[in-house]
Amino acid sequence: SLLLTAGLLFHAVKNYSTRAIALVSTTLFLSAPLVFVETGSLFVDNIWATYLLCGLIFLWRYVDGGHHYLDLLLSGAVFGIALSTKVTSVFFIAPAVLGVFFLCRSNLSSRRFWIQIFSTGLVLAVVGLPSYVYAYF
């Protein structure tokens, strides 16, 4: 999962800068001491970080790439998987959603935008909440 996360990071940075900058930023990420600590002991956190990074990439593609509905739905699904992995995902998902509202503030009066946001929230809930419902009942 660490290699998948590094690959996602490299690809995301490469889309907005040069290959050299993407390589340097991925190398800095992999050389961080926290990465060594996490990869040595906590496998779930590596997968969780990959889900969060994937969700953020899909959200960024939605905001920056022309508001494609599929990107928004995929971000909801991947964020739902992250939420089912760890409940603390809420602390990462909430600022990302607020960022979408801020960056798409010109669309806030559009009915279509709110339908997309509602359906994405529904996808996130359907994917992310069953494990907690099962654990509670």
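A residue counts as buried under 20% relative accessible area, as exposed over 50%, and as partly exposed in between. The exercises below apply to a predicted model.

**Exercise 1.** Classify Trp48 and Phe92 as buried, partly exposed or exposed.

Solution. Trp48 has a relative accessible area of 11%. The cut-off for buried is under 20%, so Trp48 is buried. For Phe92 the relative accessible area is 46%. That value falls in the range between 20% and 50%, so Phe92 is partly exposed.

**Exercise 2.** Determine the geometry of the ring pair Trp48 and Phe92, and place its members in the chain.

Solution. The structure holds 6 aromatic pairs. In the pair of Trp48 and Phe92, the ring centres are 5.4 Å apart and the planes stand at 80°. Centres within 6.5 Å make a pair, and planes over 60 degrees apart count as edge-to-face; the pair is therefore edge-to-face. Trp48 belongs to helix α4 (residues 43-64) and Phe92 to helix α6 (residues 90-103), so that the pair links parts of the chain 44 residues apart. Trp48 has a further partner: Lys86 lies over its face, 4.7 Å from the ring centre.

**Exercise 3.** Repeat the analysis for Phe101 and Phe113, including their burial.

Solution. The ring centres of Phe101 and Phe113 lie 6.1 Å apart, with planes at 75°, so this pair is edge-to-face. Phe101 sits in helix α6 and Phe113 in helix α7 (residues 111-128), 12 residues apart. With a relative accessible area of 23%, Phe101 is partly exposed, whereas Phe113, at 3%, is buried. Together with Trp114, Phe101 and Phe113 form one aromatic cluster.

**Exercise 4.** Identify the ring over which the charged end of Arg105 sits.

Solution. The ring is that of Phe102, and the charged end of Arg105 is 4.3 Å from its centre.

**Exercise 5.** Compare the span of helix α1 (residues 2-16) with the expected span, then do likewise for helix α5 (residues 69-85).

Solution. The expected span is 1.5 Å times one less than the number of residues. Helix α1 has 15 residues and should therefore span 21 Å; its end C-alpha atoms are 22 Å apart, in agreement. Helix α5 has 17 residues, and its 25 Å from first C-alpha to last is close to the expected 24 Å.

**Exercise 6.** List the buried residues of α1, and give examples from α5.

Solution. In α1 the buried residues are Thr5, Ala6, Leu8, Leu9 and Phe10. Those of α5 include Asp71, Leu72, Val78, Phe79 and Leu83.

Definitions and conventions: Residues are numbered from 1 along each chain as its sequence is written. This is a predicted model: local features need pLDDT of at least 70, side-chain atom pairs count only at pLDDT 80 or more; totals for chains, interfaces and linings use all residues. Side-chain values use heavy atoms; hydrogens and water are left out. Rings of Phe, Tyr and Trp (its six-membered ring) pair if their centres lie within 6.5 Å; planes under 30 degrees apart count as stacked, over 60 as edge-to-face and the rest as tilted. Helices (H or I, at least four residues) and strands (E, at least two) are DSSP runs, numbered from the N terminus. Buried means under 20% relative accessible area, exposed over 50%, partly exposed in between (1.4 Å probe, protein chains only). A charge sits over a ring if NZ of Lys or CZ of Arg is within 6 Å of the ring centre and within 35 degrees of the ring normal.
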